[in-house]
Number of protein chains: 2
Amino acid sequence: MKTAILDMDIVGLAGLIRSRKLSPVTLVEALLDRIAAIDPELQSFIHVSGTALKQAGKAEEMLRQGKAIGPLHGIPIAIKDNYLTRDMPTTAGTTAPGYDFPLRDASAVKRLRDAGAIPIGKTRTHEFAWGNITPPTKNPWDFGRIPGGSSGGSGAAVAARLCPAGLGSDTGGSIRIPASLCGVVGLKPTFGRISRDGIVPHSWSLDHAGPLTRSVRDAALLLNVMAGYDPNDTACQDRPVPDYLALLGQPIAGMKIGVCRNHFFGANEPDVESAVERAIGELARLGAQIVELRIDHLEYGLGAIFAIELASSSAYHDQALQSGATAGMTDDVRTLVEIGRMVSASDMIKAEQLRAVLMQNFFKAFEKVDVILTPALPLTAWEAGQTEIDVTSRKESPLEASWRLTYPFNLTGMPAISVPCGFDRRDLPIGLQLAAKPFDEATLLRVAHAYEAINRWGDRMPPLRKIDRAVLPAGAEHV
Amino acid sequence: MKTAILDMDIVGLAGLIRSRKLSPVTLVEALLDRIAAIDPELQSFIHVSGTALKQAGKAEEMLRQGKAIGPLHGIPIAIKDNYLTRDMPTTAGTTAPGYDFPLRDASAVKRLRDAGAIPIGKTRTHEFAWGNITPPTKNPWDFGRIPGGSSGGSGAAVAARLCPAGLGSDTGGSIRIPASLCGVVGLKPTFGRISRDGIVPHSWSLDHAGPLTRSVRDAALLLNVMAGYDPNDTACQDRPVPDYLALLGQPIAGMKIGVCRNHFFGANEPDVESAVERAIGELARLGAQIVELRIDHLEYGLGAIFAIELASSSAYHDQALQSGATAGMTDDVRTLVEIGRMVSASDMIKAEQLRAVLMQNFFKAFEKVDVILTPALPLTAWEAGQTEIDVTSRKESPLEASWRLTYPFNLTGMPAISVPCGFDRRDLPIGLQLAAKPFDEATLLRVAHAYEAINRWGDRMPPLRKIDRAVLPAGAEHV
């Protein structure tokens, strides 16, 4: 039983719980046991709830009494450590002095609890969500590699079956990057779809909340619960929330899938490109119409998002910059926060103007297609300590290379998802990214679900150990 | 006849023209004669149209043929020299090298022409709309004083009866300030109501287009013509345009007029405060309900708008800053454009966050009242060359003092109007400011019109000469 339930997704588990075939206590016990066994090495959690078992007992008691239950009744969910929680401390991954993270629930956490979920622990984030490697968390597919970030703890924990789902936040790719590198599903909804109230800010106009899950249907279910208006997040929009889960499963025949050949293709690892090309072929065989298209000016986007993100981060960390508390940050993050002060407001205005141009270009593209399909990242998980990436004609930093394909949907606020779409020759997962027009998560999830239904790449179990590449046969091909 | 038509507003003139009692040729001739007589000293025009008479002849010919005419058929209108025009050069008030202002019509100018108007000339603007004094233009009430700015040319020309209306642009008060200081009506509509396409940018998120007129009904008529969607201004909103002119004249009994006692009162010249208090009393006697209210955090607004305006200006002038062409600007403007480079993006983000807070505070206030009433400026026209203003406990620059009451409605984008409400002891006009919630210009104009109907302060003719204060009796009171 224990192994079986660890392999299940939330929709499956919730069905067993509702029908009294599985006790929330059994489920939480199994997860806590597995966390205790694996996480000392994996290091995906920074805090494990001391009351999760008690909460599971209460959930069990409610079931016994036949009390009305929410769609997540008794489901343990891991919370990224930049979401405030009323019963667990929040650190946002920092030990710098002067930050005060109160004990209260972020809006999204409160919605999960109201739906019956049990926050089982806080997962590690790259400090202040400012990075893509999330030390000291390891990648479950190879402990010598990084899990991605900044929601690296949630990505690693979900992939390693330490929890059925985890929350993430995504400013330039921080949900989709660890999802892709760890082989799970990561959904960044439309800007304004989920409240960020109670999430430690990184960059107000780019930050998004969203889930990392084992399946697309779980992403739909968690979006059902987390989406909706909240006046405490001024960017949050008051729009109806459809039942994303119910809308899954319709055939995708006749849908138009855009493939943007500029920017998103031609500078990726060969195994990534071939996995994505195979996915395009499979979607075409399901009856989708593949439409090649071009989106102009994306070559200027990275500078624009960097300017906005750096400046916002410095604005949030203003007091720490003035008091010198930034000295307590990790060097990589401290440098970024300090550099942010150098961004001029006039450059930022130009960055915002470019953002408006790119939004118009994407809107025009979405007049022609229902979704846009790209690789999630140009590469698979890189080695801890690696400082150069070599997938284009010039060497790049891992930061630059890793968010090149995800950030356009932060800059434009459009919803995007990463779904596992294969493995490279080193057995590292590859992510397929799908994006849609604002507030059209239903279409996005429908295509992702159709793809997942014929390709359950996420079912494979990661080895949870360091892989010695020397023992692999030369040129071994697993794709 | 000539004197009579010079004293009339557009609605009056258009009626005479439509009924063939006045020829557009007669009207244009009268204005050109008056410009030739007065403007060499007043200096409100930088360019007078060489084809206005010919256009008037054409308008006359159309009338003779009974051809369909627009609401402004044959009406001469002055165009601020930062609006592009297809038949007159544009300078934006600068002689700095490297700027290329093409011969084409700004969207608002095209709408005026389509409605039958005749652009009679280009009125002077403070260089790049960056200032409140508009040299060398004089104030028609006292040639030793400034007309305000940046739309100082239009304000002086309309007050001096050189044209029945002029266009202005308003980034922190640049329509309402010269309107108030010259004794005419100045309307800054909601952000996004009138397209800024073809207007030389000053600060994209603060710039507004609007008219300066002899009456509130003329402001309504020109808004009818100028308002509406234009995809060439990305901020311009696609919303229906009501018939503002038809909506005037309803009684204001029962309407709620908010008086915000903080920020807007207590640091104004005594004659300004007493004129505005008298206006409040008069509106109450018309049956309006006066509601005292408070709007928090306005004390931080000036820093916020300054940061945004400086930074935007530097972004627009980026090439001039890089090439050194800013050396060709007037010292006051050059300094501001160069200082703008020093604004950090993180400070700008904080400024934008304060803007959002102030917008919420004003929205809350407009849940309780229909309009907010304030003085337009803390003072009346100051002397040319004056560098200090002394209306509060500390001395201020004229720039700081003069836009303190107008800028909140640029920062929040809400519509505001200045209407003449009396004269100070030196016979200088005083302006009353009314503001309303976004896209509620109809209510704004209705209250302004009701006030104007009992107080035709704008009918008084300015002396058009330098006033020697020594000959005035001591303490002479004209209020």
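**Reading a two-chain contact**

User: At what angle do the axes of H11(A) and helix H14 (residues 345-368) of chain B cross?

Analyst: They cross at roughly 70°, and the two axes come within 8 Å of each other. Here a helix is a DSSP run of H or I with at least four residues, a strand is a run of E with at least two, and both are numbered from the N terminus. An axis is a line fitted to C-alpha atoms, for a helix over the stretch in contact, and angles between N-to-C directions run from 0 to 180 degrees. Before we go on: this is a predicted model, where local features need pLDDT of at least 70 and side-chain atom pairs pLDDT 80 or more, while totals for chains, interfaces and linings use all residues. Residues count from 1 along each chain as its sequence is written, chains are lettered from A and ligands numbered from 1 in written order, and side-chain values use heavy atoms, leaving out hydrogens and water.

User: What word describes how H11(A) and H14(B) lie to each other?

Analyst: The scale goes: under 35 degrees roughly parallel, over 145 roughly antiparallel, 65 to 115 roughly perpendicular, and the rest oblique. H11(A) and H14(B) are therefore roughly perpendicular. On the H11(A) side, the contact (heavy atoms within 4.5 Å) involves A:Ile308, A:Ala311, A:Ser312, A:Ser314 and A:Ala315. H14(B) answers with B:Ala345, B:Ser346, B:Ile349 and B:Lys350.

User: Which residues does H11(A) use against H13(A)?

Analyst: Let's start with the geometry. H11(A) packs against helix H13 (residues 331-339) of chain A at about 95°, their axes 7 Å apart. That angle is why H11(A) counts as roughly perpendicular to H13(A). For this contact, H11(A) brings A:Phe306, A:Leu310, A:Ser313 and A:Ser314, and H13(A) brings A:Leu336, A:Val337 and A:Ile339. Notice A:Ser314: it appears in this contact, and also in the contact of H11(A) with H14(B).

User: How much area is buried between chain A and chain B?

Analyst: Think of buried area as the accessible area (1.4 Å probe) that two parts lose on being put together, summed over both. Between chain A and chain B that comes to about 1300 Å², with carbon and sulfur atoms giving 66%. A:Ala345, A:Ser346 and A:Ile349 supply 34% of what chain A buries against chain B, more than any other three residues. The contact takes 18 residues from chain A and 18 residues from chain B.

User: How many salt bridges cross that interface?

Analyst: Side chains of opposite charge can pair when their charged atoms come close. The rule wants a side-chain nitrogen of Lys or Arg within 4 Å of a carboxyl oxygen of Asp or Glu. Two such bridges are found across the interface of chain A and chain B, and 68 over all chains. A:Lys350 pairs with B:Asp318, with the closest N and O atoms 3.0 Å apart. B:Lys350 pairs with A:Asp318 at 2.9 Å, N to O. B:Lys350 sits in helix H14 of chain B and A:Asp318 in helix H12 (residues 318-323) of chain A, so this pair joins two chains.

User: Which elements give two or more residues to the side of chain A that touches chain B?

Analyst: Those are helix H11 (301-316) and helix H14 (345-368) of chain A. H14(A) gives the most, with seven residues.

User: Where do the backbone oddities lie, such as the cis bond into A:Pro136?

Analyst: Look in the loops. The peptide bond from A:Pro135 to A:Pro136 is cis, with omega near 5°, and A:Pro136 lies between strand S3 (118-123) and helix H6 (152-159) of chain A. In chain B, the bond from B:Gly149 to B:Ser150 is cis too, omega near 5°. B:Ser150 is in the loop between strand S3 (118-123) and helix H6 (152-159) of chain B. Finally, A:Arg161 is not a glycine, yet has a positive phi of about 65°. A:Arg161 is in the loop between H6 and strand S4 (165-170) of chain A.
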